[in-house]
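Got your viewer open and a hand on the mouse? Let's take a walk through this protein, one selection at a time.

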Amino acid sequence: PYDGAGIYVYNSSAIIRGNIVRDNTSGLTGGGICAHGTPMRQLEICYNEISGTGTPGEAIGCLYAENTYIHHNLIRDNVANHWAASGVYLNGEGTSVRIINNTIVGNRHGIVSATSAKPLIWNNIIANNLEGGIEENMTNRDYNDVWNNNDASSPGPNGITADPQFVNAAGGDYALLASSPCIDAGDPATQYNDPDGSRN
């Protein structure tokens, strides 16, 4: 398949939620999930685990994505040998993409854009990606933890650069240890609060 080997949506208001998308190979965009359309209509990608996508195979690839909300996903170990292979890849003229509260770890790249659009990149953990964290042309970012990505990408003015201290990443447990610097370090605005009402 060319796009979306795991899940493919076109010009849809779908909610893609709670899936395990693993070990898919795409010829073009979105080895795990591909969102394609002009414009996308309130597409939501959330609470998924996406891993092991193949060449070029971004975990989540968005083409001409408008009003797309990517949140609370675990995007890990997508290391296809391609310049655009990443956790999240954006291409087209999308201007209202939100990438919030995701854990993006162990990929070739964290977040890559081939467009001038500036997605909102907020409250994410972006760590241990082999060739980069957040591509520098995406400046609308803050409150991220950006760590050990083999580049100097910024977490944003209120972000941190520190080991997130996962419970057992090698064993697939990406919960945070009690000593993690990420706990209660996200944007304090109540709209981002954790389900228990505490700061995210």
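Select Ile111 and show everything around it. Leaving out residues up to four places away in sequence, Ile111 touches Val88, Ile99, Ile104, Ile121, Ile126, Gly133, Ile134, Glu135 and Met138. Keep in mind as you click around that this is a predicted model.

Now widen the view to the core that Ile111 belongs to. The largest nonpolar core has 25 residues, and Ile111 is one of the four that touch the most other members, along with Ile60, Ile70 and Val88. Strands S4, S7 (60-63) and S10 each put at least two residues into this core. There is also a second, separate core of 7 residues; to find it, pick Leu74, Val105, Ile125 and Cys182, which are among its members. Seeing groups like these fits a common pattern: in soluble globular proteins, nonpolar side chains tend to be buried together.

Stay with Cys182 for a second. Is Cys182 buried or exposed? With a relative accessibility of 11%, Cys182 falls under the 20% cut-off, so it counts as buried. Next, click Cys46, which is buried too, with a relative accessible area of 0%. How many disulfides does a search of the whole structure find? The count is 0.

Time to zoom out and switch to cartoon. The protein has 19 strands and 0 helices. Of its 200 residues, 52% count as buried. Now think about contacts with a separation of 6 or more: 54% of them come from residues 24 or more positions apart. If you turn on the surface, you are looking at about 8500 Å² exposed by the protein, with carbon and sulfur atoms supplying 49% of it.

Back to the cartoon for the sheets. A quick reminder before you look: strands of a sheet pair through backbone hydrogen bonds, either parallel or antiparallel.

Color the strands S2, S5, S8, S11, S14 and S16. In that order, they make an open sheet of 6 strands with parallel pairing. Its edge strands are S2 (15-17) and S16 (141-142), each pairing on one side only. For a close-up inside this sheet, select residues 44-46 (strand S5) and residues 69-71 (strand S8): the two run parallel and are joined by 3 bridges. You've already met Cys46, and its bridge partner in S8 is His71.

Pick another color for the next sheet. This open sheet has 5 strands in the order S1-S4-S7-S10-S13, again with parallel pairing. Strands S1 (7-10) and S13 (111-113) stand at the edges with a single partner strand each, so one side of each has no neighbour in the sheet. From one strand to the next, the twist averages 10°. Zoom in on S1 and strand S4 (residues 33-36), which run parallel and are joined by 4 bridges. One pair to highlight there is Tyr10 and its bridge partner in S4, His36.

While you're in this sheet, select Leu90 in strand S10 (residues 88-91). Leu90 counts as buried, at 4% relative accessibility. Setting aside neighbours within four places in sequence, Leu90 contacts Cys62, Val97, Val112, Ser113, Ala114, Thr115, Pro119 and Met138. Try your distance tool as well: the C-alpha atoms of Leu90 and Lys118 are separated by 9.9 Å, although the two residues are 28 apart along the chain.

For a change of direction, jump to strands S18 (residues 166-168) and S19 (residues 173-176). These two pair in the antiparallel sense, over 2 bridges. Phe166 stands opposite Leu176 in S19. The hairpin has 4 residues between its strands, and Gly172 takes a positive phi near 90°.

Last stop: some asparagines in loops. Asn123 sits in the loop between strand S14 (120-122) and strand S15 (125-127). Asn123 is buried, with a relative accessible area of 7%. Among the residues in contact with Asn123, not counting those within four places in sequence, are Asn101, Asn102, Asp142, Tyr143 and Asn200.

Now hop to Asn11, in the loop between S1 and S2. Asn11 counts as partly exposed, at 25% relative accessibility. Its phi is near 50°, a positive value in a residue other than glycine. Finish with Asn148, in the loop between strand S17 (145-147) and S18. Asn148 is not a glycine either, yet it has a positive phi of about 60°.

Key
Residues are numbered from 1 along each chain as its sequence is written. This is a predicted model: local features need pLDDT of at least 70, side-chain atom pairs count only at pLDDT 80 or more; totals for chains, interfaces and linings use all residues. Side-chain values use heavy atoms; hydrogens and water are left out. Two strands pair if DSSP finds at least two bridges between them. Axes are lines fitted to C-alpha atoms, for helices over the stretch in contact, and angles run from 0 to 180 degrees between N-to-C directions. Buried means under 20% relative accessible area, exposed over 50%, partly exposed in between (1.4 Å probe, protein chains only). Contact means heavy atoms within 4.5 Å. Accessible areas come from the Shrake-Rupley method with a 1.4 Å probe; for residues, only the protein chains shown count as cover. A nonpolar core is a set of buried Ala, Val, Leu, Ile, Met, Phe, Trp, Tyr and Cys residues joined through side-chain atoms within 4.5 Å. A disulfide is a pair of cysteine sulfur atoms within 2.5 Å.
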